[in-house]
Amino acid sequence: MSVHATSHIGETFVLNLGPQHPATHGVLRIKLTMDGEYIAQAEPVLGYSHRMHEKMAENRSWHQFLPNTARMDYLHALAFNLAYVCLVERMTGIEAPERAQYIRVITTELNRIASHLVWFGAFVLDLGGFSPLLYAFDDREYILDLLENVTGSRLTYCYFRFGGVYNDIDEDFVPGVKDFIKRMRSRIPMYHSLVTKNIILVKRLKEIGPIPAEMCRKYGATGPVARGAGINFDVRKHEPYSLYSAFDFDVPVYPEGDSMARYMVRMDEILESLRIIEQAVNRLPDGSVMADKVPKSIKPPKGDCYQAVETARGSFGIRAVSDGTSTPYRMKLRSPTYSNLSLFAEASQGMLLPDALALLGSLDLVIPEIDR
Amino acid sequence: MTLHPELVELIRIVAYIVGLIIFIALNAAYLVWVERKVAGHIQRRIGPKEVGPWGLLQPIADGLKLMTKQLIIPYGVDVTLFKIAPILVMIPSVMCFVTIPFGENLVARNLDVGLLAIFAFASVNVLGLLFGAWGSRNKFAIISAARVVSQNVAYEIPMLVVVITIVMVSGSMNLHDIVTQQMGGFWHWNIFKFTASPLMPVAFIIFFVCMLAETNRAPFDMAESESELVAGAFTEYPGMGFGIFFMAEYANIVVGASLATILFLGGWDSPVGIFPGVIWFLLKMYALVFTVIWIRWTFPRTTFYSLLNLSWKILIPISFANLVLTSAMLKVF
């Protein structure tokens with residue numbers, strides 16, 4: 001049930017939501033023009049954590065930019081690593097060995113699950129339910145431990161290298177991943193019975209915050225937001241990169257376009273990621289994890305290249321222009337949440353404040369990624 | 001030697017005042033501890049454990065922290081309203097305890113209009129929140145105040161209709177009499193009084209839901225919906241100003257749970273006949289308080305309009321139906 005403003009007495013006030021506000025998950029400011037509790041106009045104000053990553057790329061070597069990619073989307077850092085690594089490998093023609101490719105897929109998908117778990121907890125927290133957050137973080141802890149053992153860090157990973165990965169996995173990794181798959185599969189039904197089927201949650205999400213497919217196309221929204229609006233688009237499936245074409249997985253699509261659809265897309269994606277990880281772990285080949293003869297100084301030939309990957313929040317793309325030197329000439333980053341957030345102004349018009357915050361939460365914002 | 005009866009009365013009143021204030025303060029402090037412990041265990045954590053054994057001194061530490069904090073009066077607030085609001089919230093909740101019988105002879109003042117007095121005092125609470133929010137000159141607080149007022153108006157109606165039903169069944173507004181009528185086995189309790197109305201358990205649930213809404217507890221904590229309104233009406237309050245609101249919230253929960261116990265669960269009546277009455281009263285009351293805490297850490301928050309819809313479209317019709325049914329059945333039997 002959605003409620004829309006019908007009577008306007010012409011008296012509005014401005015409400016500053018953020019930059020410090022519990023619902024904006026970071027330094028995002030939304031300038032709301034309110035008519036009572038109805039939103040007459042919403043204007044996201046960005047740039048509070050802008051660090052000029054694009055400009056930074058022009059001032060350092062191709063290698064040196066690698067850690068920067070993890071500092072954008074701190075929740076799904078490995079996908080950003082992967083995008084950059086795939087891009088440079090395509091530009092230079094370096095081929096990563098198969099084992100490295102498999103490890104990349106496994107760790108990226110594990111990271112995607114971790115990201116969705118954080119979103120799940122934070123989203124229900126936005127709706128006033130505190131407890132699921134702790135349960136989700138409990139599961140996420142398993143992933144972080146696994147990734148920490150392999151990559152050496154827990155949040156801002158810099159694991160992939162041009163031509164492979166930094167380190168081979170240890171002997172505990174594969175059994176650990178198998179345990180985690182088993183555990184996570186038993187946890188998802190619990191989440192559904194505890195949270196998804198809760199009548200209050202259903203009432204707050206069903207038919208609230210509708211984002212039609214048209215609006216997604218207009219603003220370039222991707223990822224779970226677009227898939228929740230019935231647009232069947234997943235970069236992993238439709239423009240496969242790395243090894244994704246080798247795995248059998250489905251793209252969950254819900255046509256309703258409401259907050260519930262976006263919620264369900266993400267919950268189903270966790271299961272799909274588990275399927276990918278399971279296949280990858282079972283087929284993991286032996287061999288080296290680093291290509292031979294990767295030059296110390298990367299100098300891609302003149303030209304430009306675009307590489308998109310599917311992150312937890314949507315399609316992330318890098319367009320790099322090389323002039324044949326050891327530093328990029330230009331690097332353009334297309335981050336998914338930036339486009340996803342831009343539809344908030346139109347989608348939230350006439351909504352009640354709590355519903356608009358549910359909508360905002362369902363977009364799964366990571367502010368450093370918006371501001372870059 | 002015989003004491004002068006007026007002196008005895010004076011000693012009695014002083015003892016009750018001291019006793020009640022200690023009871024309220026301890027309740028407020030230790031319900032916070034219970035809430036944190038219960039929340040911890042619901043969320044697979046331990047909860048407070050560092051200060052004292054099992055974290056038992058945590059409320060004392062929290063209280064000291066709140067009390068030593070500077071009382072900042074933000075620029076531009078209405079100072080009178082800002083200062084008076086916490087007091088206006090706290091005093092009525094204390095006053096409510098006056099007529100609550102904790103046991104056969106354990107009541108400060110056994111008023112014939114005890115029930116009425118409690119509801120009269122309880123509604124002042126809203127005024128305090130409204131003053132505090134309005135005086136804060138904070139937009140989040142004002143939104144919260146508007147919510148609190150309409151929420152309380154909406155939920156007092158079904159609550160009072162349910163209470164009227166009970167008054168009709170008991171024929172008295174005296175809380176002591178209401179309990180005395182439910183004595184003699186749990187099947188005499190009002191919640192199971194199917195001879196008066198088959199809808200009595202439903203009436204209890206309505207009362208309980210309304211109590212949650214009246215005390216601004218989750219899932220109806222519209223006043224302090226922290227993910228939307230930062231801290232709602234209390235956004236601008238520092239230190240003990242906030243602390244008093246917090247204490248009043250727990251005092252209100254205790255009042256609400258006590259009323260539910262008295263009206264529906266037979267007050268101090270013991271279902272099995274052992275232990276003194278006051279223990280049974282506290283047992284029933286704290287079971288309800290525990291349920292309130294349990295609900296808070298399990299459910300997400302409702303929205304404001306579904307809250308009002310629930311009251312006007314579901315609770316009020318059912319409670320009126322129960323009222324009509326009860327009066328008809330009382331006439332027939």
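Start by selecting residues 330-334 of chain A, which make up strand β8. This strand has two faces: M331(A) and L333(A) sit on the covered one, while R330(A), K332(A) and R334(A) are on the uncovered one. One thing to keep in mind as you click around is that this is a predicted model.

**Stop 1: the sheet around β8(A)**

Add residues 314-322 of chain A to the selection, and you have strand β7. Strands β7(A) and β8(A) run antiparallel and are joined by five bridges. To see one of the residue pairs, pick V321(A): its bridge partner in β8(A) is R330(A). That puts R330(A), from the uncovered face of β8(A), opposite V321(A) as a bridge partner.

Now bring in residues 303-311 of chain A, which are β6. The three strands make an open sheet in the order β6-β7-β8, with antiparallel pairing. Strands β6(A) and β8(A) stand at the edges with a single partner strand each, so each has one side left without a neighbour in the sheet. Look along the sheet and check the angle between neighbouring strands: on average they are turned by 10° against each other, direction ignored.

Next, show helix α3 of chain A, residues 77-92. This helix packs on the sheet, where it touches β6 and β7 of chain A. Compare the directions of α3(A) and β6(A), and you should find an angle of about 150°.

**Stop 2: the other three-stranded sheet**

Which strands of chain A form an open sheet with β2? Select β1, β2 and β3, which come in the order β1-β2-β3 with antiparallel pairing. Strands β1(A) and β3(A), the latter at residues 38-45, are at the edges. Each of these two has a single partner strand, so one side of each is left without a neighbour in the sheet. From one strand to the next, the twist averages 25°.

Zoom in on β2(A), residues 29-35, and follow its pairing with β3(A): the two are antiparallel over seven bridges. For a landmark, label M34(A) and its bridge partner in β3(A), I39(A).

**Stop 3: helix α6 of chain A**

Select residues 173-196 of chain A for helix α6. Which of its residues are buried? They are V177(A), M184(A), Y191(A) and V195(A). An α-helix has 3.6 residues a turn, so residues three or four places apart point the same way. Show the surroundings too: the elements covering the buried residues of α6(A) include α4, α5, α7 and α11 of chain A, with α11 at 259-282.

**Stop 4: where the chains meet**

Turn on chain B and look at the contact between the chains. Here 27 residues of chain A are in contact with 23 residues of chain B. On the chain A side, the elements giving two or more residues are β1 (13-17), α4 (98-126), α5 (131-151), α7 (199-205) and α14 (353-362). Colour that side by residue class, and you get 16 nonpolar, five polar and six charged residues.

**Stop 5: chain B as a whole**

Hide chain A for a moment. How many helices and strands does chain B have? The count is 12 helices and zero strands. Its C-alpha trace spans about 65 × 60 × 45 Å along the principal axes. A compact globule of 333 residues would have a radius of gyration near 20 Å, and the 21 Å of chain B agrees with that. Colour by burial and 46% of the 333 residues count as buried. Among contacts in chain B between residues at least 6 apart in sequence, 76% join residues at least 24 apart.

**Stop 6: two domains in chain B**

Give residues 1-68 of chain B one colour and 71-332 another: the domain assignment makes these domain 1 and domain 2. Their centres, taken over C-alpha atoms, are 20 Å apart. Where they touch, 14 residues of domain 1 are in contact with 14 residues of domain 2. On the domain 1 side, α1 (5-42) and α2 (58-68) of chain B each supply at least two residues. The largest share, 12 residues, comes from α1(B). By class, this domain 1 side divides into 12 nonpolar residues, one polar and one charged.

**Last stop: V79(B)**

Finish in helix α3 of chain B, residues 79-96, which contains V79(B). Is V79(B) buried or exposed? It has 11 C-beta neighbours inside 10 Å, so V79(B) counts as exposed. Draw a C-alpha to C-alpha distance from V79(B) to S136(B): the two are 57 residues apart in sequence and 8.5 Å apart in space.

Methods: Residues numbered from 1 in each chain as written. Chains lettered and ligands numbered in written order. Predicted model: local features only at pLDDT ≥ 70, side-chain atom pairs only at ≥ 80, totals over all residues. Buried ≥ 20, exposed ≤ 12 C-beta atoms within 10 Å, placed from the backbone. Helix = DSSP H or I, 4+ residues; strand = E, 2+ residues; numbered from the N terminus. Pairing = 2+ DSSP bridges. Rg over C-alpha atoms; globule rule 2.2 N^0.38 Å. Contact = placed C-beta atoms within 7 Å. Nonpolar A, V, L, I, M, F, W, Y, C, P; charged D, E, K, R; others polar. Domains from an automatic or database assignment. Axes fitted to C-alpha atoms, helices over the stretch in contact; angles between N-to-C directions.
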